[in-house]
Amino acid sequence: MGFMGVLCFWRSKKRGKDDEIRIVHAGRPSMEYCDNTVKSSKYTLLTFLPANLFEQFHRPINLYFLLLTALQFTPSVAPVSPFTSLVPLTIAFLITAIKEGIDDWYRHKLDDECNSRWYSIIDMETLNVERVQCRDIRVGAVLLLLPMEVVPCDVVLLLSSGENGEVVISTEALDGETVCKKRYAILSDMYAQRPTTSVATVDSMQEDETNIRVAAEFIRDTECVIESEGPKPFLNSFTGVARVQVPHDTEEEVTIGVNAENVALNSSVLRNTRFALGVAVFTGNETRVSMTRTTPPTKWSLIDQRFNQMVIVVFFIQFILVTVYVGLSDAALEKDQHALWYLGMYEEKIALKEYVILLPLRFFLLVSPMVPLSFKVMVDASKAFISILIKWDEEMSDENIKTEVHNSSLMEDLGQVEYLMTDKTGTLTRNTLTLKSVVATNGKIFNPGTPHEASVVRREMRQDESLLQLMRVLVYCNTVESTRGITLNVAQTSAPKSPPSSAWVSPSPDEVALVEGATFLGVKLLERKRRRAFVMFGNNVESATVLKFLPFTPERRRSSILLQIDGDMRFLLLTKGSDESVLPRCIKTSYNRQRVLHRLSCLSSEGLRTLVSAYRYLTDEEAEIWLADVRRKEAIVTAAARAVNVGEAYESLEKDLIYCGITAVEDQLQDDVCRTITQLRSAGIRVWMLTGDKSQTAKQTAIASGLVGPDDRVIALTPEDVESLSVQEHFEYVERRVNYVLRKRKFQEAEKKHNIHRSWYVRSGLRDFVGEFFHHESILSLLYHPSSKSFSQDCDEYFTREDVAENEQEDLLSNSVTIQSGGYVILFSGKTIEFLKECGNKELFVNFKRVLLHASTVICSRMAPEQKSFVVRTVKKAGHVTLAIGDGGNDVSMIQSAHVGIGMRGREGTQATAASDVVVSQFCFLSRLLLFHGHTAYQRSAIIVQQSFWKTVALAWMQLLFNIYTKFSGVSFWDSFSLMMYNSLFTVPVTFLCALNIPLSASVLLNNPQLYILCQRGRYLNMVTFYGYVFRGFLHGTIIFFLAFGFLNDSSSGVMRFGHPMDRACDFYVSCFALVTLHSCIILLETHYITFFHWLALIWSVVALFLCLSLYGLLSENHSLLELLRNASFYLQWNIVVAVPFISLSVYSAIKLFFFPDVLQLQRLIIHKMSKVPFLSGLWPFWVDENPSRFWGSFSVRHWCRDKSRTPCGSQSVGGITSLDMQAQINAEDYCGEPHIVKMALDTVRDSTALSEPFIKRV
């Protein structure tokens, strides 16, 4: 960012205070504020190199590698050439810099395209239209906006060609909503009342030029001055006033309130309006859109954090080794000082710096490869590749809309989720609402879907005024707009979409459902404008003048409208909202409280969303006084003061209401929600629902979706009549219920298991490692057992209680078992959250958290956005991995607070998807995203990290072993070129193939969700596995070094050149070839899914060794390798050095598999058993479910013959028949001549599914 960009950004932040007031004179461009240059790029040609390096060196690991490279340039310290560190470091930094540079180049192109657009502004002195570029627009300039133009900055609309000052705009670029919206010019009413005979109301396109000039002249005569709040990152709010002089009346000044309805924000598009005039109030980096482009919270993967903790121990090991070798070197120097007197090198006492500085640094550089430079690049590349695999997955696409990954660094966290927080509306449900019931004050229920219900309603309305007012609430109290005029005006920035099926659109789907439901009851909304509305009651048309709409807010939980029915001199206020918000404002004599609450409870228990309606009449004097008061309060410039005062005005009006009925709206669940939740709970994931709906509706939705089971006990921590309770009564209720839960046996059992699993013995992986060696019987019989018995019977006979270790009698999957069967469910509302935060009782709050964390399910109702975020942060601070999923703007804070945020594409805009890490289209995709992609991503990254450390620890240890024979002088065993190539061309391609590995196929992981707990516990990467690889590095380094060292150099049998033995390079080359080859072989041995690319990489590693080292030998003066390649003993020694550690590791793996298997190895036996079936043995390797991605799967046989019509979620079954079973049934016709083979195949598949339950519960 250049200097001016930084200055504007600083000024925008400075001006973002609540008390700032910006004064803008229409038609007088001001140089006080920044221009309209859009700058999203980060660098310039001059700042790219220093700024990018500065960003990269912000990471501590990069500083560590920079320090190593700097030390290599000190000749007395460096054991090898500095290029061994400089070249890899430069390449790593260069890759990152090129990526950043390309991304910034695209940003520069977009910025230049935006800043070079031409726009029209009005010169208020001459009233001429001038053309300027977007970057030259200044605050105060009057813009002429034409159809299809993108609004270049934040503009307060002054006049327009539309009726009543209407301006139709599209805001898809801001909120993702494709339906156009209406904004209103603030001077339209005054302009319509001007004393003139000019036809300036623009009825024909031929008069546009004249009308624009007349409108501009009118704006100049008003001397309009806008006083607004400062720049703020809020797209849906605006606070300001306009002070205008009434033309031809120099003494009268009018103050007009300005709100979000009068502003067209930057990036919106003008539609269905021939022209609009507006004044620029915020430009450049101070626009609302630019202010919202703040840097999202930085999220670090948990595997990175765990790795950082483990690396500390590696540094400690380095420190110990350096200290020991420095001590040995000092002792050797003291001894050689007298023994080698004839060399004349130690005539004086050895300098202190030799002991304290030079030798420690030299040995530190020798062991520095223990922390590999390449592993971080490898892990980042692996994460990017895994994110691509997720995008490729056709099972997670909906109508050709694929899953998106916004933050690839969190892929491993998808495999460790413990708590899933989900929104209800639009996430678990479809958010396509329909009106199911209308309840009148006399208790009669009207259903829109019932035949002849409209005639019944019309007849009842003649006798019951409250029913008439209830129907008026349905059709009047809303902000719906007709789609007839704006259906085709969908923003063209996205793919074409079908026009809306409804005749009405609204920001709230509830309002559309109420209007459409009223139509089925005989009350039809004909037309809805800003000031007027027309409704047909039967055969009669009723019209009304809209005076004021009181919008819904999460704090108010209701909306109202003040109107006047034509022919009625009274003013009518209609209100609808939640029962907690509306009923306390109703006259108590207008309804029976117990009956109404009972009816609300019955409707909510059916999973319906309820709204209570009420009304009141106002006299002329009351209405006029209130309207004048609210206009005065809306003219307050300061946002906070205006909100408080306007809220008080609304409260003063919405009182003494008359209850008139209840409406119930249905929102159906999405496809496969129940099955997905069952899978997730079986995987040990606790699913919580956080919603703004009332508790009864939330509870019923939880039951319908499977969150609450038949054996679960629901415990409410919020009383039903919470509004009528005092603070002390609320405190006593919550304390009593929390203490009740603490005494429950199931809570105590759950907390005990939780404490066991959080202990160091379990978290380190030591318990699992030790437990695997308590099986004393071989399972070879499982592989070679007579076929007369089923595979599941064999396993049941083998896995008896006596064969299980004592510490494993507690189920490996105790978390999932507890969640699925007979747990307790906590139900509370946002009121309880606010109470606990304000009461200050820490003990109660701690116990409250304990109760929540061990519940099988938690249902949170009436939750505000900040309360959702608070719940997520509470669980996160307790040390658990959280995932939040939502689809609306009220879910953004929750999504950003969780470890992983999932955005759902829905009907509430794109705010949630923009703030998320992953974007999905359906809730059912979560099971595949977590159980398969999350599981495999965690396993892939874990093996890449550990394999990277194994190969570098072995190398560094060989360096130290060599110094035993060099008097601990700090000499490098490896030459500089080989060190440089080892962590690049020789091993990187093979290591990266770990990203193709999958521990088990998707079908097995999805049908056995309990295996997900292996990731939750960190079985793939913990202290035992990580330090096991480190120990293996020391062991294999020792074996390779001592087998290779001295064998080829022996004077009797070594390689000779011109009659003299070769130098010590022979030992090094054998070690180098052996270590690289062993690395490739171990990758093949430990890979669960071997592809053609693995063999290709193995060949590449060997070929690269020969080519690179041979070329290096030809170009250098040392021809040892060339002579070595002509000697047969070299190849013999190479094979021996590779074979010894590889065979020993293979023997250990075989013993571990056949005598001490873990859960994954047992599941693989299922696949092995299935491969023994003739019908399946030929096809199994080609099955798509066994492939790591759809890309590789496209080469399979099944890809060409599979059924394209099946639904994306249809293959994700729980238990029962797997996808392999279904395919066997499809192919059964091909084996009609051999029915016993088909039956055997299906029986084997079913047995394999049945097998998972007994052995998982016992291992």
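Author: A definition to begin with: UniProt positions follow the numbering used here, feature names are shortened, and annotations may be inferred rather than shown by experiment. The structure itself is a predicted model.

Reader: Thanks! Where does UniProt place the "binding site", and what is the largest C-alpha distance among its residues?

Author: UniProt, in an unreviewed entry, places this feature at Asp423, Thr425, Asp887 and Asp891. These residues are spread over 469 residues of sequence, yet they cluster in space. The largest C-alpha distance is 10.9 Å.

Reader: Is Thr425 buried or exposed?

Author: Let us start with its place, the loop between strand 15 and strand 16 (434-439). The side chain of Thr425 also has a polar contact of 3.5 Å with that of Lys424. Buried means under 20% relative accessible area. Thr425 has 10%, so it counts as buried.

Reader: And which loop holds Asp887, another residue of that feature?

Author: Asp887 is buried too, with a relative accessible area of 0%. As for its place, it follows strand 31 and comes before helix 31 (892-897), so to speak in the loop between strand 31 and helix 31.

Reader: Now the sheet of 9 strands: which strands are at its edges?

Author: This open sheet runs in the order 14-33-32-31-15-27-30-29-28, with mixed pairing. An edge strand here pairs on one side only. That description fits strand 14 (404-405) and strand 28 (713-716).

Reader: Which residue stands opposite Glu404?

Author: Strand 14 pairs with strand 33 (residues 918-920) in the antiparallel sense, over 2 bridges. Within strand 33, the residue opposite Glu404 is Val919.

Reader: Which helices pack on this sheet?

Author: One of them touches strand 27 (686-690), strand 28, strand 29 (824-829) and strand 30 (857-861), and its direction makes about 145° with that of strand 30; this is helix 20 (residues 695-705). Another touches strand 15 (419-422), strand 31 (882-886), strand 32 (900-904) and strand 33, making about 140° with the direction of strand 33. The names are therefore helix 20 and helix 33 (residues 925-962).

Reader: With which side chain does the side chain of Ser941 make a polar contact?

Author: Ser941 sits in helix 33 and is buried, at a relative accessible area of 0%. Leaving aside residues up to four places away in sequence, it touches Ile303, Ser382, Ile386 and Glu412. The polar contact between side chains, at 2.6 Å, is with Glu412.

Reader: There is also an open sheet of 3 strands. Why is one side of strand 7 and of strand 12 left without a neighbour?

Author: The order is 7-6-12, with antiparallel pairing. Strand 7 (181-184) and strand 12 (269-271) stand at the edges, so one side of each lacks a neighbour because each has a single partner strand.

Reader: Which residue of strand 12 is opposite Ser170?

Author: Strand 6 (residues 166-170) pairs with strand 12 in the antiparallel sense over 3 bridges. In strand 12, Ser170 has opposite it Val269.

Reader: In the hairpin of strand 2 and strand 3, which residue takes a positive phi?

Author: Strand 2 (residues 118-123) and strand 3 (residues 128-133) are joined by 6 bridges in the antiparallel sense, and Asp123 has Asn128 as its bridge partner. The hairpin has 4 residues between the strands. The one with a positive phi near 60° is Leu127.

Reader: Is His452 buried or exposed?

Author: His452 is not a glycine, but it has a positive phi of about 60°. It lies in the loop between strand 17 (445-446) and helix 12 (453-463). The cut-off for exposed is over 50%. At 67% relative accessibility, His452 therefore counts as exposed.

Reader: What percentage of residues 985-1006 and of residues 1134-1155 is helix?

Author: Both spans come from the UniProt list for "transmembrane region", again an unreviewed entry. Residues 985-1006 have end C-alpha atoms 37 Å apart, and residues 1134-1155 have theirs 32 Å apart. Each span is 0% strand. The helix content is 55% for residues 985-1006 and for residues 1134-1155 it is 100%.

Reader: Finally, how far does helix 40 reach from its first C-alpha to its last?

Author: Helix 40 (residues 1092-1115) has 24 residues. Its buried residues include His1094, Ala1097, Leu1098 and Ser1101. The reach is close to the span expected at 1.5 Å a residue, and its value is 34 Å.

Methods:
Residues numbered from 1 in each chain as written. Predicted model: local features only at pLDDT ≥ 70, side-chain atom pairs only at ≥ 80, totals over all residues. Heavy atoms only, no water. Pairing = 2+ DSSP bridges. Contact = heavy atoms within 4.5 Å. Axes fitted to C-alpha atoms, helices over the stretch in contact; angles between N-to-C directions. Buried < 20%, exposed > 50% of the residue type's maximum accessible area, 1.4 Å probe, protein only. Polar contact = N/O pair within 3.5 Å; in protein donor to acceptor, adjacent residues only side chain to side chain. Expected span 1.5 Å × (residues − 1).
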